[in-house]
Amino acid sequence: MSTAANLLESDSPLFSTTPVVQRSTSPVIAIGLPRSGSTFLAHVLSCMKGLYVFDDLYPYQQAKALGLVGELNLKQQQSFLDKLSWSARMKVRFKKKIYAFAPKCTWEDIAALEEAVLKTFEGHSVTWPILLEEWLTRLAFHHQDTRWGYKTPQDFMNLDKLSELFPGAQFVFLMRDPRKVMASFKNLPRKRIPGTAPDGVSGQYHPLVYANYWQLAYQKTVAFMRRNPEASVYIIKFEDLVARPDEEAQKLADFLNTELSHSVQVERTNTSFKDKQRQDITNTEVWLCEMIAGKTMQEVGYDLKSPKPRIQDVLDLFDTTGNFVFHQTQRVFRNDRARQSVIGYLKNLWPLSNRLPDKSS
C-alpha cells in the first residue's frame, strides 16, 4: 500500500514537492465501451473504502499520441501532465456532485498539482506510468483514499500492455446490451453543445462499427483472461448494476478486497439527449447488430429480437453513415489521441494484431 510522505509542508498532498508515492500500488482500471454506464461504474468504485477512481482518463492513448517511450525529459513530462490536467479541469468545471469521484478541488488546485509534480521530478527522468501514479495518488490522498484507479472504456484493447506497465492491476469490465449502447449514441447531439460537458456526439456511432466493437470488447477481455488465468478481472452487467446497485456493488467490493463506504445509489439523468425526443435504433440497425454480435449476445444472456431489415430504414442508415464518416475523418486529422484510438481499433480487427510489437512503455 502506498503511503504519504513529507506532507506536512502543505495542507494537501496535491501540492507536495517531494514524491507522495513511496511504494507503488496496483491500480483499478474500469473498461468496457462508451455509453455503457461506465460513469456510474466509476462512481460505484469510488464509493468503496480507500479507492478513488478517476472518471474518463486516457493515459495510455495520450502517451502513445505524444510518442512517450522510456524515460521522459522535462518537456515530455510537461506535455503528459498537461493532458492529465485537462481531464481534471473538465471534471472540476462540469463536476456532477452526485458522483463520488467528483473532484473536491478547484481549477487553480489542478494547476498547482501539475506544477508540484513537475517540481517533484525536477532534474530526474521518469516514465509516464510513474508520473500517472504520482498524479493520481495525490488525488486519491486528497480525497482521503489510499488507492488509485481510472476509467478508460477502450482499454480492453490494451490489457496485456497495462498488466505489464502496472503489475497486479485489477480490471473491471462493464458490459451492456449493445442495442442500448447504440441507441444511447444515436441520441447524442450532432455537435457538442457549447457550455456543456464533452459527452460525445452522434457521429461516433455506426451500427456496423459498434456491433463489432461491442463483440470485440467482450472477446478481447475473455481472451485475456484465458491467456492469463492469474489476472484479476471482474465482469459485470450494467443492467444488474442498476437493478441491484448496492448488492452488485458489494460483490464488486468483495472482489477488490474492500467494502462500501456508503450507498452507491444516485439520482441519474440520461445525458444522451437534451431538448429533443428520444429515438430508438431502427429494425435494420437491430438486425445488423444481431447479425454481427448475436452469438456473443446470447452467450452472455441477451435475448435476440430477430427483426427483419426494412426498406424504409435505408435513408436513416445513409444519414448515419454520412455523419459517422464526416466525424471520424475530422477526428483522425485533428486529434492525436483520437487517431491513436482509431488505429488501435483497426489493429485489433486484424487477426495478427496481437503479434505486432508495441513499443510504448
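A residue counts as buried here when its relative accessible area is under 20%. Keep that cut-off in your pocket, because it comes back again and again below.

**The chain as a whole**

What you're looking at is a predicted model. The protein chain has 361 residues, and 53% of them count as buried. It contains 13 helices and five strands. Take the contacts between residues at least 6 apart in sequence: 75% of those join residues at least 24 apart.

How sure is the predictor? What is the average pLDDT of the protein chain? The average is 86, and 84% of the residues score at least 70. Among the elements, strand 4 has the highest mean pLDDT, at 98, and helix 13 (residues 336-349) has the lowest, at 67. Two stretches deserve some caution. Over residues 1-9 the pLDDT stays under 50, and the model gives this stretch 27 contacts beyond four places in sequence. Residues 270-275 also have a pLDDT below 50, with twelve contacts in the model beyond near neighbours in sequence.

**Strand 1 and its partners**

Now find strand 1, which covers residues 28-31. Are its two faces covered or open? Both are covered: Val28 and Ala30 are buried on one side, and Ile29 and Ile31 are buried on the other.

Strand 1 pairs with strand 3 (residues 147-151) in the parallel sense, over three bridges. In that pairing, Ala30 stands opposite Lys151. Strand 1 also runs parallel to strand 4 (residues 170-175), and here four bridges join them. Val28 has Gln170 of strand 4 as its bridge partner.

**A buried arginine**

Arg147 sits in strand 3. Arg147 is buried, yet it has no salt bridge. The nearest side chain of opposite charge belongs to Glu133, and it is 9.0 Å away. A salt bridge would need a side-chain nitrogen within 4 Å of a carboxyl oxygen, so Glu133 at 9.0 Å doesn't make one.

What does lie 2.8 Å from a polar atom of the Arg147 side chain? That's the backbone oxygen of Ser26. Leaving out neighbours within four places in sequence, Arg147 is in contact with a list of residues that includes Thr25, Ser26, Pro27 and Val28. Gly50, Leu51, Tyr52 and Gln170 are also among its contacts.

**Two mostly covered helices**

Helix 1 spans residues 38-46, and eight of its nine residues are buried. The buried ones are Ser38, Phe40, Leu41, Ala42, His43, Val44, Leu45 and Ser46. What covers them? The cover includes strand 1, strand 2 (51-54), strand 3 and strand 4, along with helix 9 (238-243) and helix 10 (245-255).

Helix 7 (residues 178-186) is largely enclosed by the rest of the structure, because eight of its nine residues are buried. Those are Pro178, Arg179, Val181, Met182, Ala183, Ser184, Phe185 and Lys186. Its cover includes helix 8 (207-227), helix 11 and helix 12 (314-334).

Here's a handy bit of background for looking at helices: an α-helix has 3.6 residues a turn, so residues three or four places apart point the same way.

**Three loop residues**

Loops are worth a look too. Val126 is in the loop between helix 4 (107-120) and helix 5 (128-142). Gln144 is in the loop between helix 5 and strand 3, and Asn257 is in the one between helix 10 and helix 11 (283-299). Which are buried and which are exposed? The table has the values.

| Residue | Relative accessible area | State |
|---|---|---|
| Val126 | 6% | buried |
| Gln144 | 69% | exposed |
| Asn257 | 73% | exposed |

Val126 counts as buried because its 6% falls under the 20% cut-off. Gln144 and Asn257 count as exposed because 69% and 73% are over 50%.

Where does Val126 meet the rest of the chain? Not counting residues up to four places away in sequence, Val126 touches Gly70, Glu71, Leu72, Gln77, Phe121 and Leu131. Leu72 is 54 residues from Val126 along the chain, but their C-alpha atoms are separated by 5.5 Å.

The exposed pair have a backbone detail to check. Gln144 has a positive phi, near 65°, in a residue other than glycine. Asn257 isn't a glycine either, and its phi is positive as well, at about 60°.

Note on methods
Residues numbered from 1 in each chain as written. Predicted model: local features only at pLDDT ≥ 70, side-chain atom pairs only at ≥ 80, totals over all residues. Heavy atoms only, no water. Buried < 20%, exposed > 50% of the residue type's maximum accessible area, 1.4 Å probe, protein only. Pairing = 2+ DSSP bridges. pLDDT = per-residue confidence, 0-100. Contact = heavy atoms within 4.5 Å. Lys, Arg positive; Asp, Glu negative; His and termini not counted. Polar contact = N/O pair within 3.5 Å; in protein donor to acceptor, adjacent residues only side chain to side chain.
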